Amino acid sequence: MNGQEFFFTVDGRQVRAEPGQTIIAACDAAGIYIPRLCHHPDLKPAGHCKLCSCYIDGRRASACTMPAAPGMVVISDNEELNNDRRVVLNMLFVEGNHICATCEKSGDCELQALAYRLDIPSPSLPYQWQRYEIDASHPDVFIDRNTCVLCSRCIRASRDLDGKSVFGFAGRGLGMRLNIDAKAELDETTFSAIDKAAKICPVGCIVIKRTGYRTPVGLRRFDVTPIGSDIENKSGAKPK
Ligand code: SF4
Ligand code: SF4
Ligand code: FES
């Protein structure tokens with residue numbers, strides 16, 4: 001303890017936190033995985049996807065944006081919360097054209113991996129078969145807006161880590177889509193395949209060309225290590 005650290009409770013476990021640390025960051029350090037999609041540890045929190053929604057002192061709030069506080073009581077894992085997460089995931093699947101069997105991101109995709117973790121074998125809602133624009137203009141990067149889950153990771157990474165602000169959102173509600181720097185196509189921007197934003201998409205929307213099948217299906221990140229298990233294999237949490 002450094003004098004400022006404190007404890008709070010998550011699903012009956014005592015978790016250590018520092019002032020200003022978010023609930024999700026403290027849980028990650030303690031070996032407790034809370035489902036997430038828009039959260040990335042290198043980015044400022046955005047609170048877009050609501051997958052990390054927990055009961056925090058009896059009220060629903062996002063664990064990725066809420067700072068931990070001494071004595072706080074968090075419930076992150078119960079049937080109600082997980083059912084709500086299944087609803088969100090189901091909607092994301094059918095609002096995009098997510099057909100994993102034909103997607104080069106399969107096995108390395110956080111949306112797919114979360115569906116497996118939460119026991120969703122296939123979407124329970126009808127697909128909407130949207131037709132959003134594909135951008136193959138860039139020599140090294142391909143964009144398929146049909147699979148974008150509007151997490152804003154690329155926007156935050158391009159702006160805050162790459163200093164470029166290549167991406168944004170256009171439209172509102174169900175019509176909201178990824179926009180590129182107010183220009184027509186990606187190759188008109190300064191975007192590069194070595195940008196942080198090129199590798200931060202959780203799904204198959206931003207893909208580096210000519211690399212998709214380098215790792216065979218069955219040996220990819222989440223084929224080998226289910227999502228969340230890297231965090232859960234840490235031993236920082238005190239047992240219930
Ligand atoms: S982006 Fe992910 S969820 Fe969507 S089709 Fe590809 S692998 Fe499946
Ligand atoms: S392109 Fe990828 S990173 Fe960007 S908002 Fe869509 S899903 Fe998120
Ligand atoms: S991970 Fe918290 S709202 Fe998306």
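## Close-up views of ligands, cavity and pockets

**View 1. Ligand 1 and the residues around it.** In this predicted model, ligand 1 is surrounded by Phe-93, His-98, Ile-99, Cys-100, Cys-103, Ser-106, Cys-109, Leu-111, Gln-112, Val-203 and Gly-204. Sort that shell by residue type and you get seven nonpolar residues and four polar ones, with no charged residue. Cysteines turn up at positions 100, 103 and 109.

**View 2. Ligand 2 and its shell.** Now for the other ligand: 13 residues surround ligand 2. Closest in are Cys-148, Cys-151, Ser-152, Cys-154 and Cys-201. Eleven residues of this shell count as nonpolar, one as polar and one as charged. As for where it sits, ligand 2 is in the largest cavity, which gets its own view next.

**View 3. The cavity that holds ligand 2.** Searching the whole structure turns up one cavity of 30 Å³ or more. How much space lies in the largest cavity? About 60 Å³. Its lining is made of Cys-148, Val-149, Cys-151, Ser-152, Cys-154, Phe-169, Leu-178, Cys-201, Val-203, Cys-205 and Ile-206. Ten of these lining residues are nonpolar, one is polar and none is charged. Val-203 belongs to this lining and also to the set of residues around ligand 1.

**View 4. The largest pocket.** Over to the open spaces: the largest pocket offers about 770 Å³. It is lined by 33 residues, and those closest to the centre are Lys-105, Asp-108, Glu-110, Arg-221 and Phe-222. Which secondary-structure elements each supply at least two residues of the lining? They are strand E10 (206-208), helix H5 (221-224) and helix H6 (229-232). Arg-221 and Phe-222, both among the residues closest to the centre, fall within the range of H5. By type, the lining splits into 13 nonpolar, eight polar and twelve charged residues.

**View 5. The second largest pocket.** This pocket holds about 410 Å³ of space. Of its 21 lining residues, Leu-92, Glu-95, Val-149, Leu-150 and Leu-174 come closest to the centre. Helix H2 (residues 79-95) contributes the most to the lining, with five residues. Leu-92 and Glu-95, from the group closest to the centre, lie in the stretch covered by H2. The whole lining breaks down into 13 nonpolar, six polar and two charged residues. Look out for Val-149 here: it is one of the residues closest to the centre of this pocket, and it also lines the largest cavity, where ligand 2 sits.

Terms used: Residues numbered from 1 in each chain as written. Chains lettered and ligands numbered in written order. Predicted model: local features only at pLDDT ≥ 70, side-chain atom pairs only at ≥ 80, totals over all residues. Heavy atoms only, no water. 1 Å grid on protein atoms, 1.4 Å probe; cavity = no way out; pocket = protein on both sides within 12 Å on 5 of 7 lines; lining within 4 Å. Points joined across faces, edges and corners; volume = space filled by probe spheres on them. Helix = DSSP H or I, 4+ residues; strand = E, 2+ residues; numbered from the N terminus. Nonpolar A, V, L, I, M, F, W, Y, C, P; charged D, E, K, R; others polar. Near = heavy atom within 4 Å. Sits in = over half its atoms within 2 Å of the grid points.
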